Amino acid sequence: MLKKISHRLSVLLKAAHFFLLPPGRGRLALRKIWHADRGVQFTRSWMPTKVRSEPAKVSTQSNPLLSYFESKKKGHGIWKWTHYFEVYEQFFSPFVSKEVHLLEIGVYSGGSLEMWPAYFGEKARIYGVDVEPACQQYANAQVAIFIGDQADRAFWQHFKTKVLHLDLIIDDGGHTTQQQIVTLEEMLPHLSPGGVYIIEDIHGSDNLFASYLYGLQQSLHAADFLPGSDYKTKANPFQQMIRAIHIYPYLAVIQKRKHPILEFPSPKRGTQWQPFYE
């Protein structure tokens, strides 16, 4: 009981600054926080019917990246949550054997910079970003290394003058909220149409970057209805370019559209309609 009361108090304290907003916006913000907390409480009450004694495993036969990872016994290190590989395969497989341009933020021991070319093929161009100058040693004919702070907007402005095209972005860097937000705000618009942006290691049920993602989702759900006989909404600038936001344990994936859209139609089909809905 004390733990539950403490959690409720923490939610109210986080919401306190919304009292400084105009009355309408403040009330709406508090309602959003309350309903978000209601969702959290529902997940905490979830009771599985059957508990696995071991975590579910992804087959390496249909996942070349996971097979590469599992077979890595020595050499430059790779550190990944194994459930990420199913997501990688889903979103990365269409780019295999193509001239794909991939940016990975967070080089560390350099092992993944060897994994990506092995998976995508010789046409792939890989860019690594890290704050540690020693990571320059991983540069080669297929991999370019940039040293800089991902929370520094000036660094990204310079980076974008050097790398004009990116199809895939993986943020596996410092994992702080500020680093993740600055990187996304600078690099998501720079991502090519049809590209994929992955943010890794979003840990904790109170993670503030997860709250930032909630704000992005709100824009994705916005509905500006247009007049007409059928329901139709006008796509806002964010909806025009963003196809979807996918949420996984510790991981988020943002897909950009290949072609922008201007509206979402909802036409009716058929001739027989019940009279009780207007």
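How much area does the protein chain expose, and what share of it do carbon and sulfur atoms supply? The chain exposes about 17600 Å², and carbon and sulfur atoms supply 58% of that (Shrake-Rupley method, 1.4 Å probe).

Before you start clicking: this is a predicted model, in which local features need pLDDT of at least 70 and side-chain atom pairs count only at pLDDT 80 or more, while totals for chains, interfaces and linings use all residues. Residues are numbered from 1 along each chain as its sequence is written, and side-chain values use heavy atoms, with hydrogens and water left out.

**Whole chain.** Show the cartoon: there are nine helices and 10 strands (DSSP runs numbered from the N terminus; helices are H or I with at least four residues, strands E with at least two). Of the 278 residues, 37% count as buried (under 20% relative accessible area; exposed is over 50%, partly exposed in between, with a 1.4 Å probe and protein chains only). Among contacts with a separation of 6 or more, 63% come from residues 24 or more positions apart (contact: heavy atoms within 4.5 Å).

**Helix 8.** Now select residues 208-221. At 1.5 Å a residue, these 14 residues should span 20 Å, and the end C-alpha atoms are indeed 20 Å apart (expected span: 1.5 Å times one less than the number of residues). Add side chains for Phe209, Leu213 and Leu216, which are buried. They cover an arc of only 50° around the axis, so they sit on the same side of helix 8 (the arc is taken from the directions from the helix axis to the C-beta atoms). Around the buried residues you'll find helix 7 (177-187), strand 5 (196-200), helix 9 (237-241), strand 8 (242-248) and strand 9 (251-256), all of which they pack against. Flip to the face turned away from the buried side to see the exposed Leu208 and His221.

At the N-terminal end, pick asparagine 207: this residue caps helix 8, with a side-chain oxygen 2.8 Å from the backbone nitrogen of phenylalanine 209.

**Aromatic rings.** Next, colour Phe, Tyr and Trp; the whole structure has 18 aromatic pairs (ring centres within 6.5 Å, using the six-membered ring of Trp; planes under 30 degrees apart are stacked, over 60 edge-to-face, the rest tilted). Phenylalanine 42 and tryptophan 46 have centres 5.5 Å apart and planes at 90°, so they pair edge-to-face. Tryptophan 46 is exposed, at 57% relative accessible area. Back in helix 8, phenylalanine 209 and tyrosine 212 are stacked, 5.7 Å centre to centre with 20° between the planes.

Last stop: select Phe69, Tyr84, Phe85, Tyr88, Phe92, Trp116, Tyr119 and Phe120, a cluster linked by ring pairs.

Definitions and conventions. A polar contact is a pair of N or O atoms within 3.5 Å; within protein, one must be able to donate a hydrogen and the other to accept it, and residues adjacent in sequence count only if both atoms are side-chain atoms.
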